[in-house]
Amino acid sequence: MENCFHCGDACDRTVIKYEDKQFCCHGCKTVFDILNENDLSYYYDLQQTPGITPSRIEGKYDFLENKVISDKLLEFNEQGIQVVTLLIPSIHCSSCIWVLENLNKLNPAVKTAQVNFPRKTVRVTYSSDGFNLHDLVVLLAKLGYDPYLSLEDASVKKTTTDRTLIYQLGIAGFAFGNIMFLSFPEYFKVDEFWLERYKYFFRWLMFAFSLPVVFYAGWGYFVSAYKGLRSRILNIDVPIAIGIFVLFVRSSVEIIMDWGSGFFDSLAGLVFFLLLGKFFQQKTYAFLSFERDYKSYFPIAVTRLFKEYASVDGENTSETSKKEDQAQVYELEKGDRIIIRNSELIPVDAILIKGKALIDYSFVTGEAEPVVKQSGDYLYAGGRQQAGVIELEVLKPVEQSYLTQLWSNEIFSKNKQSGFESLTDKISKRFTITLLLIALVSTIFWLFYDTSIALNVFTSVLIVACPCAIALAAPFTLGNLLRIFGRNKCYIKNSKVIEQLSHIDTVVFDKTGTLTTNQKNGIVYEGITLSEDEKLVLTSTLRASNHPLSRALYTLLNTNGICTLDSFTEEVGKGIEGVSRAFSIKVGSYDFVTEKAQEKSQVLEQSNTNKTTVHIGTSEEYKGCFVFFNEYRAGMTDVFEALSKNCNLVVLSGDNNGEQAYLEQILPKGITLLFNQKPENKLNYVKTLQDQGRNVLMVGDGLNDSGALAQSNVGIVISENVNVFSPACDGILDASRFKQITTFLTLSRQGIKVINYAFIFSLFYNVIGLGFAVTGHLAPVVAAILMPLSSISIVIFTTVYTYILGRKLNLVD
Amino acid sequence: MNIIYMLLAISVFVALVFFAAFIYSVKKGQYDDMYTPSVRMLFEDELVDEKKETSKSTNETTPRKKRLTK
């Protein structure tokens, strides 16, 4: 079998030969043509088969012709120059970068185009003279690079990225390096003439360098400590802030009174290492967003119909024509008529007026199969039309729709992690109290024994015990784990999530799309065996249809070969009929197939009510049906068995209970199975579990799980393609790694152990340091060695340990 | 030995210049995309080769120059 020169797919249905090359479809051929004509065939040299089959675009982007809408998307629009940044999920290789950055060869109106590969965006500058956003988007779509435009793009203005931490880190590092050099001469206490003379100058220079460290780079610790104390929490930032403050004050006093050179190097080093830990803890995935709601799933605009009334003789108004315009989804009001085309999304709650609707709600409700709706039926927002054009009358504006109201639940405005006490915070409570006690006791001791060094001891204790190593243990361990997770296609929002993951004792799964795949369907045939000829015609008939079930059946049967059909008819929502030579074959619903068939099989009619079936009949008789059942993800049973050892498991499905018996059979015992769960039910169920003191991990995939994902302690979304929409969550797991859920949980639990070991390790350093401090022997050079040594050894320890853990679990090569 | 004031002043000044350059580059978003430039860099050379052999050279010189100078 040949592979397409453009997209690399196998040319199974048709092969188009063109210029000695094979293409799987006309779309691919057209793209090749466009590129070839414009001297852009280098595209194919850069990577083998880099292309993407372009999807059908007719009318899809018409709304961009509306100036109000397109202006919302533009970043810059003045003097005939427009700039726009478009998200293109299909960017995947260097050829993509190359061809997109050479857009000017395809249309001279494009001035520059710049791709940001990690973000999968392209920023295009073009002259608006005879060219507009619509033309640009269509041009991109023609090449297979469809931009992803959603309601979110039109409603939120982009926020600038926060780079404060990088600046702080830069300043601390800069000051640290300089202060180190300046303090070096005095470490060795040589009473050399020139050193004696210039040491004051050196000291004041160090003081100057330390100012931005304390008041800019380290300022966050004071703020955080203050906030912690106000809410009566002794967080780890309290001893750190005390440490920084004491270091700075004592050092300043020392150089003012000419007692010594101070601890400026330790101060700058401490802040630098702490910020480094903070920085390492972050791992951002530019191409993912963990904050999405329905807005990034909904379209910006829909086609609105309005009737134009022309007055005749000033008296009677009569309807002359229906006109279409592109209306923003936010503008839709009750009573508006809108048009939804094939594979478009219904953005508002509406009533079906005209046309056959076959709505796929799998993403919003969890129902596995598309539902047929008749004129007059109520359609909820969020469904995707699967067949033909329909006309709807709007019932509620978008914000008040059934689905979007879920987002008004308070859980979406709450910060989930605020109530969570991390391991570091727990330790720091005891640590801070112990530290203050030691400082007090040793000071009191010295007050009686040798008053002159009492203050020295007090400050020394606070300096040396500053929990730099403790504060670094968690960020580096969790930062490493975050990266290991990321390399295994489990993208976690931040390091706190990993800590929460280690406490999980209850796992709640969604069914549709989470436990089941949406790519394959298990299909079984029940009924009279089909003859070879019948199979041939059946396959040919299926081939002509675009219904998802037909497509699935076709892939199953396409080994049969095909023949030319004499006629083919499709009745939307009912079935298809193909005629070839002697006989005709009907495929579709039971009623459709048995309509004219003489023999009706009454037996089959009653069974399989909850299952998805496609019935087959010829002109003479009813043959039988193909039963579709959801195919569960590979290794699902193993995952459940492994998890059931230390977690309670629940399956919450928005679907009907047609699969209950099967699930009970294949899953281990003691698993709660709940069906027909609405989005609010899921949210409330998770809440009830939490009220019982459980730590819940919610694994879901669609908008219908959003509430539960937000409510749960950790919400993880399973995604077949991480570049497309996924609802707000704490982590995104690539569907191919579903089996590894248990491994991830184990790793997070072991990671917490690593942090605990690191704490013990760093306490050991603290004891040594305290030994120096309470005896009054803390020289600047001791602090300057001990502090970086403890920090670096903790970093090495956690990094090596997490690496070994990852290796053991086969997550690291 | 008073020269040490001068030397220190110069060294601190040089350090500050580099520091300012760092802040500036972060602010301008030079570190926002760490991947694409590494790929883009490789195109230009090959593009020139490719072009010399096959192209009809219409609007070829201007856009490339633009990109190179950017």
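1. In which helix of chain A does Phe245(A) lie? Phe245(A) is part of helix H11; helices (H or I, at least four residues) are DSSP runs, numbered from the N terminus.

2. This is a predicted model, in which local features need pLDDT of at least 70, side-chain atom pairs count only at pLDDT 80 or more, and totals for chains, interfaces and linings use all residues. Residues are numbered from 1 along each chain as its sequence is written, chains are lettered from A and ligands numbered from 1 in the order in which they are written, and side-chain values use heavy atoms, with hydrogens and water left out.

3. An automatic or database domain assignment splits chain A into six parts, including domain 4 (298-397) and domain 5 (496-517 + 632-743). The C-alpha centres of domain 4 and domain 5 of chain A are 34 Å apart.

4. The largest nonpolar core (buried Ala, Val, Leu, Ile, Met, Phe, Trp, Tyr and Cys residues joined through side-chain atoms within 4.5 Å; buried means under 20% relative accessible area, 1.4 Å probe, protein chains only) has 125 residues. Among those with the most contacts inside it are Ile244(A) and Phe640(A). Helix H15 (residues 468-487) of chain A supplies the largest share of this core, 13 residues. Domain 3 and domain 5 of chain A both contribute residues, so the core lies between them.

5. UniProt, in an unreviewed entry, places a "transmembrane region" at residues 6-26 of chain B; such annotations may be inferred rather than shown by experiment. In the model this span is 100% helix and 0% strand, and its end C-alpha atoms lie 30 Å apart.

How values were computed
Helix = DSSP H or I, 4+ residues; strand = E, 2+ residues; numbered from the N terminus. Buried < 20%, exposed > 50% of the residue type's maximum accessible area, 1.4 Å probe, protein only.
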